[in-house]
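Hi,

Here is the structure I promised to pass on. Have a look at it first, and my notes follow underneath.

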Amino acid sequence: MGCFVTQTNMGTVGNECFLKRNMEDLIENFVPESTEINEITETLELSKDFIKRLRIKQLLPQIRDVSTTTPAEEEISDQGSDTGTDDSLDHFDFGLIINKLPKLSELSITYGVRNCGMNFEWS
């Protein structure tokens, strides 16, 4: 469902649509441990009263340098994420924004990556 703009609500709905899509883009392009969270928190502060729904179509994983990771380190990392003791952030933490969006009534999240490209490898 997109943003429906009519002559009477053009300014309000247009602004809401822009703010919603901007926040969606920031979240969808967020790379844990690489992207600064400041841009999202600053944008959130400005747009919090206008965002009613978010449709997140992808969540990017943390970028790991596979060439420097030993199999033992990878196994330890996998165990930490399985048991919940791993402190690293695998994907965007929605706890950072949910409580700060008072008008949010709908949240749709697709847990995956779009347009992986030819160089995609499961790690």
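Let me start with Gln58: at 7% relative accessibility it counts as buried, because the cut-off for buried is under 20%. Please keep in mind that this is a predicted model. Gln58 sits in the loop between strand E1 (53–56) and H3.

What does the side chain of Gln58 reach? One partner is the backbone oxygen of Glu28, at 3.1 Å. Another is the backbone nitrogen of Arg114, which lies 2.9 Å from a polar atom of the Gln58 side chain. Setting aside neighbours within four places in sequence, Gln58 is in contact with Glu28, Asn29, Thr110, Gly112, Val113 and Arg114.

Now to the rings. How many aromatic pairs does a search of the whole structure find? There are two. In one of them, Phe30 and Phe92 meet edge-to-face, with 5.2 Å centre to centre and 80° between the planes. This pair links distant parts of the chain, 62 residues apart: Phe30 belongs to the loop between helix H1 (10–28) and helix H2 (38–47), and Phe92 to the loop between helix H3 (71–83) and strand E2 (106–109).

Phe92 also pairs with Phe94: the ring centres are 5.0 Å apart and the planes stand at 85°, so this pair is edge-to-face, since over 60 degrees counts as such. Together, the ring pairs link Phe30, Phe92 and Phe94 into a cluster. Are these residues buried or exposed? Phe30 and Phe92 are both buried, and Phe94 is buried as well.

Happy to talk it through whenever suits you.

Best wishes

Terms used:
Residues numbered from 1 in each chain as written. Predicted model: local features only at pLDDT ≥ 70, side-chain atom pairs only at ≥ 80, totals over all residues. Heavy atoms only, no water. Phe/Tyr/Trp six-rings, centres within 6.5 Å; stacked < 30°, edge-to-face > 60°. Helix = DSSP H or I, 4+ residues; strand = E, 2+ residues; numbered from the N terminus. Buried < 20%, exposed > 50% of the residue type's maximum accessible area, 1.4 Å probe, protein only. Polar contact = N/O pair within 3.5 Å; in protein donor to acceptor, adjacent residues only side chain to side chain. Contact = heavy atoms within 4.5 Å.
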